[in-house]
Amino acid sequence: MSWPAGRPGETARPVQGGCQNLGRSNANTSRAGRTRTAGDTARSGAHPHEELAAIGLKQRHLLINGILPSIEADNDPLAAAIHEREQTALKNIPATLTVLPRDTVELEPWAWIINTSVAAASVKSPLLRQRAANELSEINAVANQYADRYAVVPLLKDEPVGVERLRALVQTQT
């Protein structure tokens with residue numbers, strides 16, 4: 001079986017946390033505050049904004065991190081409920097934060113895991129070999145269209161639960 005080639009230039013994009021200095025060191029220094037869309041967290045984002053305004057810091061920017069993409073909510077009731085809650089929280093951001101320039105960053109999966117893959121297992125049965133061959137197009141789709149990073153976990157006799165089994169799984173895959 002041939003596995004899909006890895007995608008070139010696969011790197012994680014770190015998201016900076018907290019307030020960070022974005023440049024100059026005078027009274028006009030820019031600061032960026034980051035918050036999630038949970039109601040309490042969004043309200044707590046107003047506190048640093050007010051403190052920074054009180055000391056004369058005028059150039060501020062709000063970054064809302066980890067928004068669930070709306071497409072995820074289309075076919076998943078749990079995702080739909082989370083998305084609805086996030087949208088409600090965004091509509092109810094404290095007034096002191098609504099005046100700031102704002103960017104939002106959608107939640108993005110770090111990696112996909114293709115679990116219990118027959119294609120990654122050593123199978124001898126003609127039926128299972130055919131199923132493994134059919135699986136390769138799905139693995140290729142994940143590798144080339146949907147994920148920057150992915151892992152394929154073979155179908156195993158025993159679940160890889162616990163440190164020793166996980167360690168054995170990793171050692172056989174490298």
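**Rings, charges and cores in a predicted model**

Me: This is a predicted model, so let's start with the rings. How many aromatic pairs does a search of the whole structure find?
Reply: Keep in mind that we're looking at a predicted model. Searching the whole structure for aromatic pairs turns up just this many: one.

Me: What do we call the arrangement of the Trp112 and Tyr146 rings?
Reply: The ring centres are 5.7 Å apart, and the planes meet at 10°. Planes under 30 degrees apart count as stacked. That angle is why the pair of Trp112 and Tyr146 is called stacked.

Me: How many residues apart are Trp112 and Tyr146 along the chain?
Reply: Trp112 belongs to strand 5 (residues 112-117), while Tyr146 belongs to helix 4 (residues 126-146). The pair links distant parts of the chain, and the separation is 34 residues.

Me: Is Tyr146 buried or exposed?
Reply: Its partner Trp112 has a relative accessible area of 33%, so Trp112 is partly exposed. For Tyr146 the figure is 51%. Exposed means over 50%, so Tyr146 ends up as exposed.

Me: Which ring does the charged end of Arg149 sit over?
Reply: Here we have a charge and a ring together. The charged end of Arg149 is 4.6 Å from the ring's centre, and that ring belongs to Trp110.

Me: Which residue forms a salt bridge with Arg167?
Reply: A search of the whole structure finds one salt bridge. Its closest N and O atoms are 3.0 Å apart, and the partner of Arg167 is Glu164.

Me: About how many helical turns separate Arg167 and Glu164?
Reply: Both sit in helix 5 (residues 163-173). Arg167 is partly exposed at 40% relative accessibility, and Glu164 is exposed at 55%. Because the two are three residues apart in that helix, the separation is about one helical turn.

Me: Which helix gives the largest share of the largest nonpolar core?
Reply: In soluble globular proteins, nonpolar side chains tend to be buried together. Here the largest nonpolar core has 11 residues, including Ile114, Leu136, Ile139 and Val152. Its largest share is four residues, and they come from helix 4.

Me: How many residues are in the second, separate core?
Reply: Leu62, Ile64, Leu90 and Ile93 are among its members. The full count for this second core is eight.

Me: Is His83 buried or exposed?
Reply: You'll find His83 in helix 2 (residues 77-91). Leaving out residues up to four places away in sequence, His83 touches Leu68, Ser70 and Ala73. Its relative accessible area is 18%, and buried means under 20%, so His83 is buried.

Me: How far apart are the C-alpha atoms of His49 and His61?
Reply: His49 lies in helix 1 (residues 39-54), and at 10% relative accessibility His49 counts as buried. Not counting residues up to four places away in sequence, His49 touches Arg60, Thr96, Leu97 and Leu100. His49 and His61 are 12 residues apart along the chain, and their C-alpha atoms are separated by 9.4 Å.

Me: Zooming out, how many helices and strands are there in the protein?
Reply: From the N terminus on, the elements go β-β-α-β-α-α-β-β-α-β-α. Sorted by kind, that gives five helices and six strands.

Me: What percentage of the protein's residues are buried?
Reply: The protein has 174 residues. Its accessible surface comes to about 12100 Å², with 53% of that belonging to carbon and sulfur atoms. As for the residues, the buried part is 29%.

Technical notes. Residues are numbered from 1 along each chain as its sequence is written. This is a predicted model: local features need pLDDT of at least 70, side-chain atom pairs count only at pLDDT 80 or more; totals for chains, interfaces and linings use all residues. Side-chain values use heavy atoms; hydrogens and water are left out. Rings of Phe, Tyr and Trp (its six-membered ring) pair if their centres lie within 6.5 Å; planes under 30 degrees apart count as stacked, over 60 as edge-to-face and the rest as tilted. Buried means under 20% relative accessible area, exposed over 50%, partly exposed in between (1.4 Å probe, protein chains only). A charge sits over a ring if NZ of Lys or CZ of Arg is within 6 Å of the ring centre and within 35 degrees of the ring normal. A salt bridge is a side-chain nitrogen of Lys or Arg within 4 Å of a carboxyl oxygen of Asp or Glu. A nonpolar core is a set of buried Ala, Val, Leu, Ile, Met, Phe, Trp, Tyr and Cys residues joined through side-chain atoms within 4.5 Å. Accessible areas come from the Shrake-Rupley method with a 1.4 Å probe; for residues, only the protein chains shown count as cover. Contact means heavy atoms within 4.5 Å.
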